[in-house]
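Colleague: Could you take me through one part of this model slowly, looking at how two neighbouring helices cross and what their contact is made of?

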Amino acid sequence: MAAAAVPGTLGTLQAGRARLVASCCVRLGPGWRLPGYLMGPRVAPAIWARGWAPAVGGSAPRRGYSSEVKTEDELRVRYLEEENRGIVVLGINRAYAKNSFSKNLIKMLSKAVDALKSDKKVRTIIVRSEVPGIFCAGADLKERVKMNPSEVGPFVSKIRAVINEIANLPVPTIAAIDGLALGGGLELALACDIRVAASSAKMGLVETKLAIIPGGGGTQRLPRAIGMSLAKELIFSARVLDGQEAKAVGLISHVLEQNQEGDAAYHKALDLAREFLPQGPVAMRVAKLAINQGMEVDLVTGLAIEEACYAQTIPTKDRLEGLLAFKEKRSPRYKGE
């Protein structure tokens, strides 16, 4: 029975559920119809419609720690090649300011994320630091102190918006925390699907020390990651955790002893990204969407979202390739189609 035909409260709930699932399908891909009782009009989103591909390079990044770093070098976007093709690395490089969020860095992050979200060649994104011992120290307080009170709110809104854009990227994202991740830096990591850290890394939402609160999604994402009570404890106390402590409370998935180069977490993130590469690209995108959207709703609605996402994989060439590869006992060659 269609939701519109059901009277009373149940009809209202089902209609709301249908609208929610429809909104999720708008993000799945063009030409999608809802399954079963959620059947509705075709939708044609723009999320995969555009293409953008800057210069690529698979060589190891050149680290630059000088205070002479140009503003255009504060964020390095690297498209890896060869066996790592499909992995993109976002490297923050503001050593003189502990990788803190400046107006320019936020602008560059927004531009990079806008390009990545519509590039179907991208399979996994790693967010890391190019600076030893630092992931991101949060907002640039030296820049913040020069702002008028009327400027602070809009700028924090821009930070929140960029972090939300990262959270909404359609492909898996991994935060490689090899150093200090405080305030907005931890909020950036929380927006990623997976977090890995060195045991020597330090993480915390410390805003209450400055008589403010986390403004980049920390009050919402931290409780969802580790539970409400513990999240409150950490935010109220402005406590900073090391890698082992963060792993113990579920804030990160993996903790590693730091190596001599100071990039142990990055190498673990790269290993994880390589594990993701062989999987079907469309399946990866819709799996992420099903999990993210389903966690925000009741189980019945979540299962409807899963149904819609699963149905998106059925007409793909990749699904047929997967079956053929299984039959022929070979590795599949997926193209994201």
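**A crossing of two helices**

Modeller: In this predicted model, helix 6 and helix 7 cross in a right-handed way. The contact between the two is made, on the side of helix 6, by Gly 218, Thr 219, Leu 222, Pro 223 and Ile 226, while helix 7 contributes Met 228, Leu 230, Ala 231, Leu 234 and Ile 235. Sorted by class, the residues of this contact comprise 8 nonpolar and 2 polar ones, with no charged residue among them. As for the geometry, helix 6 covers residues 218–226 and helix 7 covers residues 228–237, and their axes come within 7 Å and cross at roughly 130°. Angles over 145 degrees would count as roughly antiparallel and those from 65 to 115 as roughly perpendicular, and therefore helix 6 and helix 7 are described as oblique to each other.

It may help to set another pair beside this one. Helix 10 (residues 281–294) and helix 11 (residues 299–313) have axes that come within 9 Å and cross at roughly 170°, which means that helix 10 is roughly antiparallel to helix 11. Here the contact involves Ala 283, Val 286, Leu 289, Ala 290, Gln 293 and Gly 294 of helix 10, together with Gly 302, Ile 305, Glu 306, Cys 309, Gln 312 and Thr 313 of helix 11. By class, this contact of helix 10 with helix 11 holds 6 nonpolar, 5 polar and 1 charged residues.

Conventions. Residues are numbered from 1 along each chain as its sequence is written. This is a predicted model: local features need pLDDT of at least 70, side-chain atom pairs count only at pLDDT 80 or more; totals for chains, interfaces and linings use all residues. Side-chain values use heavy atoms; hydrogens and water are left out. Axes are lines fitted to C-alpha atoms, for helices over the stretch in contact, and angles run from 0 to 180 degrees between N-to-C directions. Helices (H or I, at least four residues) and strands (E, at least two) are DSSP runs, numbered from the N terminus. Angles under 35 degrees count as roughly parallel, over 145 as roughly antiparallel, 65 to 115 as roughly perpendicular and the rest as oblique. A crossing is left-handed if the near helix is turned anticlockwise from the far one by less than a right angle, and right-handed if clockwise. Contact means heavy atoms within 4.5 Å. Ala, Val, Leu, Ile, Met, Phe, Trp, Tyr, Cys and Pro count as nonpolar, Asp, Glu, Lys and Arg as charged, and the others, Gly among them, as polar.
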